[in-house]
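Q: I would like a close look at a single part of this protein and at what surrounds that part. Please take me through the description step by step.

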Amino acid sequence: MNRRNFISRSALVTSGSLLFRDIPVSVSESQSITDSEQTVDLYELFRNPDLKYHPFVRWWWNGNKVEAGELVRELRLLKEAGIGGVEINPIEFPSRFDGDDLGKPSLKWLSKEWTDMLKVVFAEGKSLGMTCDLLVGSGWPFGAEYLEGEERAQIAVIAVKKIRGPVDYEISKFEIFREADPPISSPFPGRTMDVLSLSLVPDPLTDLNQIVPLNRNLEKEVQKVHVPEGKFALYALVRINGFMQVINGAPGATGPVLNHYNKASVKQYLDHMSDAVEKSTGSLSENIRALFIDSMELEGSNWTFDILQEFREQKGYDLSQYLPFILFKTGAMGNVTDFKYGVSMSPDIERMIRRMRYDFEIFKAELLEERFIKTYVEWCRRLNVKSRAQAYGRSFFPLESSFYYDIPESESWTMNWLKHKVGEEMPEDDYRRGRAYTMICKYVSSAANLTGKRIVSCEEMTDTYTVFNTSLENLKIGGDQSAITGVTHSVFHGFNYSPPEAPYPGWLRYGGYYNENNTWWPYFNLYNKYKGRLSALLQHVTMCTDIAILPPNDDMWSNIGSQMEPFPSITNVDYFTLVWEAINKNGNGCDYVSQRVIGDAEMKNGIMHYGPKKYNTIFLVQVDSLSTTAAKKLFDFTASGGRVFCVEVYPSKSLGWKDFEKRDKEVLIHIENMKSFPDRFVLLKKPDKDFIGWYRGIQDTYRLDPYIRIENPDPYVMQNHYKADDGSEIFYIINSNIHNSHRTKITFPANITRNKQCWKWDPEDGKRYRITIGKDNSLTLDLGPADSYLLVFDRYRKGPDWKPLPLSGQIAKTIQNGWNLEFRHCHDGWVRAYNSDTLKDILDLPDLVNFAGTIIYRNYIVITDFKPSFLNLGKVYGISELKVNGKECGVKWYGRRIFRVEEQLVRGDNLIEIKITTSMGNYMKSLTDNPIAQYWTNEKNKIQPLQSIGLIGPVTLY
């Protein structure tokens, strides 16, 4: 059971100090290598990866309307498509299909009928060599109909009524509750409310002694208050029990959300689930890899029966009278709806409240860590299965909450309400746009790096917008971006349980349209092989990072409260994610750290040591406040030779309320002492734009040696460096621009190239090719659109040389006229011929603008004295497959569409056949009588523009 090494510390009760309890800082030697394999043939593992490295899918059991035969069919379908495993995920039946459920009954979660279906899946999965994970509960956050009383999630909220006196004021409990009730996303109809405190507060508030408590008769239905002359506000602190309902819960696991702050309730819920499942299926450890917790969207839950008592014991003061002023007015997902709600406060009181707010925020995260996270992890260990979780959301530590899980998980998005364009934009004015990865991805992978884990999971390519327009090329770009953040395994979001007889296009909860009816489904296995090889490699190497970044989260928690990761409604420093991107795009590697991590680290010879990680540079990104422990450790780091960059400001104060004057002085002493090392404690101004260039200047000025020197950095070009246990050095370089290529020279350190051969490993087919590195240790890379390079330096010498496909030739022939097109519809099945002298976007053909399926472009060319070697299709919207004289030339599903054709071409006449498989969105828009098609393409914020499809060209032989 002792599978990790832990550092255990006693709790510190002084306010503003941090609670260190069993924070895992490293893993054992056997665990740091996947599956305890001490040595592996890395290339053989990459060439022929086990199915467990292939992507998994989130398998939505829609409404639990599942049947044994269909479960088996779908598992086999997924296996044939190259999927390696399933996350069994019971979920509410899609409301848009009401009446179209084929009359199939819903099986109640944990009933014998439901667990019998688990048995079927476990048995079939084993026979196919597939892995199963199992969701805890259903929907998110988990709960159940049977929860009662203190087992239900609770929230303390405020209700404020502005009053001008003098007046005798009356207000009913109903009015108070109506004002307090937050407009959350998923309210539970059975929620109950009670008033915890009532007070009359002057506006503005300049002295806490001005507050008049009114707590004598809180049980009365009507409160009567005499308000003296002036402006006042009546503050009510209201507790709502069972305030939230499970989002999209399936029968048996809907109802109120569990109280995650109540350890006894958490343990009882988890034991109830495992007891019910194992009674039917036998030991879970014989059937599943991991239990999984989905999104912790607790909608601002912040209360349990003993929270004030525990706070007083841990932080050293009573919070109850201050809590109404600490809390904001909140709504959906716990987001603040009005920062000016309530009375205005004097600067001194505002500063006090902010310090107390920090204490409350960090205390909630500590409580969730102690009572929920550790309880869940220990439960998984008792069951001898791995713990997998998305360990983030409001009131969770963005970094440390992922420390405890065997498989920490993040999430990436193809498209969401932002309607941003992954692969087409990468702006600096909005850190979210153009990035498939979310801001949480870097936190989760950093947590894995800090604790020595190599499996970093990702709910990948979540989609609530472009469902029918997402292509395999889009998936690759997003998946490559996820890998750059540190992800090493993908769980696609998601695969819907949908029997073949379900109305077209099938039962669809949401997510990408991973479905056998999708036009690109026959080619899906190509991407899964790519991902499987990449994951097999990345799970057996260590990501290189020697720069640490401290984000300004503690100041954010003080000023505006914790946020709903991975999509905070507001941030205090909106550019901080651009710092890690700029570091990465200039060839360095970095991790996020926290003040807890810095406080736990050992500072020695200019290096920060934490678990298996070593950092020689630390960036503080607009950090105003430090714990005294972190400030002291940063001084030790600087004094021993390390370098700290402070972006925009030097830290100037401590965190938390109790004894803050004393602790402020301690922090300032450490800051002033660090200033005595001006070359190692450096204040930087952020740029107005061009963070890549900004960091390049820092890199050159302070000689921050990169892992690779990128001569011409680009916003879309990113890289990671890894080390293998056998001494191999790996570089993964991507271009996530879907339209444009990028050419740049990269230079490797001499210690990387010395006595080693450079190889290009190809995740598409598992082959490897020798690359010659110049005498200056450099290589010029020509990255095509959506391209990626996997470069490996090892001691193997023999193998074929890399011969990149040329973009053009000295003698070239463009095929312009005489095209015959054959359209084959993906759903209706009709076939139509069309002749065209020129290639054009199908959007330009009014009768075919809503087409979806395959288009075969045919043409004849005559070869006389010049026999070309390559055919370049030019611009293509869709998957391309080429035949020359009936002979297969291959499939290109992303990037440049260049084919070798020298062996297929003959002297004389040659038939060229180019098969383009289109996306489905244009067709789905035309199905005006299909509610599912219309919901995802034509309604509200999901209105889709028509997409370009087909072969645009120019088609060139050379």
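A: A residue is called buried when its relative accessible area is under 20%, exposed when that area is over 50%, and partly exposed in between. The model discussed here is a predicted one. By the definition just given, Glu666 is partly exposed, because its relative accessible area is 30%. Glu666 has its place in helix 16, which covers residues 660-674.

The part chosen for the close look is the barrel, together with the helices that pack around its strands. Eight strands close into this barrel, in the order 3-4-5-10-13-14-15-16, and their pairing is parallel. From one strand to the next, the twist averages 30°. Strand 3 pairs with strand 16 in the parallel sense, over five bridges. Within this region, Trp60 has Asn496 of strand 16 as its bridge partner.

Several helices can now be placed against these strands. Helix 10, residues 472-485, packs on the sheet and touches strand 14 (407-415) and strand 15 (457-463). The direction of helix 10 makes about 145° with that of strand 15. Helix 11, residues 524-538, lies across strand 15 and strand 16, and runs at about 150° to strand 16.

Helix 2 deserves a fuller account. Its 13 residues, 68-80, should span 18 Å at 1.5 Å a residue, and the C-alpha atoms at its ends are 19 Å apart, which agrees. The buried residues of helix 2 are Glu70, Leu71, Val72, Glu74, Leu75, Leu77 and Leu78. An α-helix has 3.6 residues a turn, so residues three or four places apart point the same way. The buried residues of helix 2 pack against strand 3 (56-62), strand 4 (85-91) and strand 16 (489-496), and also against helix 3 (112-128). After helix 2 comes Gly82, whose phi is positive, near 90°.

The nonpolar interior completes the picture. In soluble globular proteins, nonpolar side chains tend to be buried together. The largest nonpolar core here has 191 residues, of which Leu291 and Tyr376 touch the most other members. Helix 8, residues 347-383, gives the most to this core, with 15 residues. Leaving aside neighbours within four places in sequence, the contacts of Tyr376 include Leu291, Phe292, Ile293 and Tyr405. A second, separate core consists of 46 residues, among them Val195, Ala236, Val467 and Ala933.

Finally, Glu666 may be placed relative to Asn89: the two are 577 residues apart in sequence and 51 Å apart in space, C-alpha to C-alpha.

Conventions: Residues are numbered from 1 along each chain as its sequence is written. This is a predicted model: local features need pLDDT of at least 70, side-chain atom pairs count only at pLDDT 80 or more; totals for chains, interfaces and linings use all residues. Side-chain values use heavy atoms; hydrogens and water are left out. Helices (H or I, at least four residues) and strands (E, at least two) are DSSP runs, numbered from the N terminus. The expected span of a helix is 1.5 Å times one less than its number of residues. Buried means under 20% relative accessible area, exposed over 50%, partly exposed in between (1.4 Å probe, protein chains only). Contact means heavy atoms within 4.5 Å. Two strands pair if DSSP finds at least two bridges between them. Axes are lines fitted to C-alpha atoms, for helices over the stretch in contact, and angles run from 0 to 180 degrees between N-to-C directions. A nonpolar core is a set of buried Ala, Val, Leu, Ile, Met, Phe, Trp, Tyr and Cys residues joined through side-chain atoms within 4.5 Å.
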